[in-house]
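Dear colleague,

I am handing over the structure we spoke about, together with some notes on what turned up when I went through it. Please look at the model first and then read on.

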Amino acid sequence: MAQQREYLVVGAGLSGAVLGRELAEAGHRVRIVEARNHIAGNCHTERDAETGVLVHVYGPHIFHTNDTEVWEYVSRFEQFRPYKNRVKAQTGGRVFSLPMNLLTINQFFGKTLRPDDARAFIETQADLSITDPQSFEDQALRFVGPALYEAFFKGYTQKQWGCHPRELPASILKRLPVRFNYNDDYFAHRFQGIPEAGYTAMVARMLDHPGITVALNTPYDPAMADTVDHVFWSGPLDGWFGYDIGRLGYRTLDFERFTAPGDWQGCAVMNYCDADVPWTRITEHKHFAPWETHEGSVLYREFSRAAEPGDTPFYPIRMVEEKALLGQYTARARAERGVTFMGRLGTYRYLDMDVTIREALDAARGVLTCLSQDTKIPAFFSQPT
Ligand SMILES: Cc1cc2nc3c(=O)[nH]c(=O)nc-3n(C[C@H](O)[C@H](O)[C@H](O)COP(=O)(O)OP(=O)(O)OC[C@H]3O[C@@H](n4cnc5c(N)ncnc54)[C@H](O)[C@@H]3O)c2cc1C
């Protein structure tokens, strides 16, 4: 092995845990500091004290991937139970299946169309006069027409992003968002599941290695960098620089917890599409663990708003303004020495868990290659732009 090194990893989310584990397995010493009082970052799960239900504290998390290596990797640390995400949506006082499928179309329009009829019917709805869609609204109108757009997209998107769909880029809606069959699986990936004891138990096993130490309630302090060979930063990219040229915009989420006896909504996630309902969705956590039995139920109403300093950053906004600022921070990051930026915050991208793990595995391999070739560890293994 190359000479043993000491690394500091900032953040005990999936990025930090996977990278730390891989470097520790390669024989290096890894110190992880985490500002929060728990590991697992935004995937954190914990038992609700009142009901005993396992709660996805930062919003619903379903593991899904086509990446066999990543699936085998996570399955090493925790038993995964098969789980298919199936979402329902309320609009205009009625409940529909989401993503929009043949059932949604038939129920919404009061029809009994077969796949080919439905395809032809949706084409009659679509606004074909829009030949060069510029905005999310244009794109939705061109794909599905005004009735489905108004019912399913307009209000929801406005609540989620805090702006009119006319102000969002068309690229958000890349494909026709309708299925012409009765498949209501939210994800199409080959491997789908939820860790039986939760994501935090899975991450705890990743971190359980003699080469790793974890300090909770410990925000990064620049003096820490002096005592290690290199820093891996999975915190916010702009945070590394003290936000000195401005903050990269995020949406944050507020969760309003409530409890109920039995089964309150009959499914894990119910979206609320109407603009006059202030929340975007309600999550009933017990449905993520159908193998458990609980008398009571705990639910989160989810509200989206612009993140202020001190809020948890959830979804990067990445509009024109943010991209310009991102370009500046990225250029500065590349000029830094002794630090690598990673993960959803360090690269200012929305990343699913499987992609996060793939990138952390690749980063660890990249680090080991740099060590063996005696080259500089780069600022990014995955580029923010
Ligand atoms: C609402 C929501 C739902 C999602 N659902 C899914 C899903 O169903 N399926 C899926 O695959 N993915 C889902 N994701 C994505 C998933 O949450 C991410 O892939 C994952 O959390 C990324 O891990 P990370 O380690 O990069 O970041 P994080 O989990 O954010 O971890 C970063 C850690 O760094 C810590 N930190 C930051 N700054 C500092 C500092 N200065 N000092 C010390 N510590 C610091 C933070 O406290 C945090 O714990 C969802 C995301 C959101 C927002």
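Pro99 is found in the loop between strand E8 (94-98) and helix H3 (102-109), and the peptide bond that joins Leu98 to Pro99 is cis, with omega at about 0 degrees. Please bear in mind that this is a predicted model. A second backbone feature of this kind concerns Ala40, which lies in the loop between strand E2 (29-33) and strand E3 (45-47); phi of Ala40 is near 85 degrees, a positive value in a residue other than glycine. Both places may deserve a look, because most residues other than glycine have a negative phi, and most peptide bonds are trans.

Next comes helix H5, which covers residues 136-161 and spans only 12 Å between its end C-alpha atoms, whereas a straight helix of 26 residues would span 38 Å at 1.5 Å a residue. Where does H5 bend? The bend, of about 120 degrees, is at Gly145, and a proline, Pro146, follows within four residues. Just after H5, Gly162 takes a positive phi of about 70 degrees.

As for the strands, one open sheet consists of 5 strands in the order E10-E2-E1-E11-E17, and the pairing in this sheet is parallel. Its edge strands are E10 (212-215) and E17 (339-341), each of which pairs on one side only, and neighbouring strands of this sheet are turned by 20 degrees against each other on average, with direction ignored. At the E17 edge, strand E11 (residues 230-233) pairs with E17 in the parallel sense over 3 bridges, and Val231 stands opposite Val339 in E17.

Another open sheet has 3 strands, ordered E5-E9-E6 and paired in the antiparallel sense. Here the edges are formed by strand E5 (63-65) and strand E6 (80-82), and each of these pairs on one side only; the average turn between neighbouring strands of this sheet, direction ignored, is 40 degrees. Between E5 and strand E9 (residues 191-195) there are 3 bridges, again antiparallel, and the bridge partner of Phe63 in E9 is Gly193.

Strand E12 (residues 250-261) has antiparallel partners of its own. It is joined by 11 bridges to strand E15 (residues 296-306), where Pro261 stands opposite Gly296, and by 2 bridges to strand E16 (residues 315-316), in which Pro316 is the bridge partner of Tyr250.

Since you will probably want to examine the ligand site, which residues come nearest to the ligand? Of the 33 residues around the ligand, those that come nearest are Gly11, Gly13, Gly41, Gly235 and Gly343. The elements that give two or more residues to this shell are helix H1 (14-25), helix H9 (343-346) and helix H10 (353-373). Sorted by class, the shell around the ligand has 15 nonpolar, 13 polar and 5 charged residues.

Finally, a word on annotation: an unreviewed UniProt entry places the feature "domain: UDP-galactopyranose mutase C-terminal" at residues 151-350. In the model, the end C-alpha atoms of residues 151-350 lie 26 Å apart, and the span is 22% helix and 24% strand.

With best regards

Note on methods:
Residues are numbered from 1 along each chain as its sequence is written. This is a predicted model: local features need pLDDT of at least 70, side-chain atom pairs count only at pLDDT 80 or more; totals for chains, interfaces and linings use all residues. The expected span of a helix is 1.5 Å times one less than its number of residues. The bend at a residue is the angle between axes fitted to the seven residues ending there and the seven starting there. A residue is near a molecule or strand if its C-beta atom, placed from the backbone, lies within 6 Å of it. Ala, Val, Leu, Ile, Met, Phe, Trp, Tyr, Cys and Pro count as nonpolar, Asp, Glu, Lys and Arg as charged, and the others, Gly among them, as polar. UniProt positions are given in the numbering used here, feature names are shortened, and annotations may be inferred rather than shown by experiment. Two strands pair if DSSP finds at least two bridges between them. Axes are lines fitted to C-alpha atoms, for helices over the stretch in contact, and angles run from 0 to 180 degrees between N-to-C directions.
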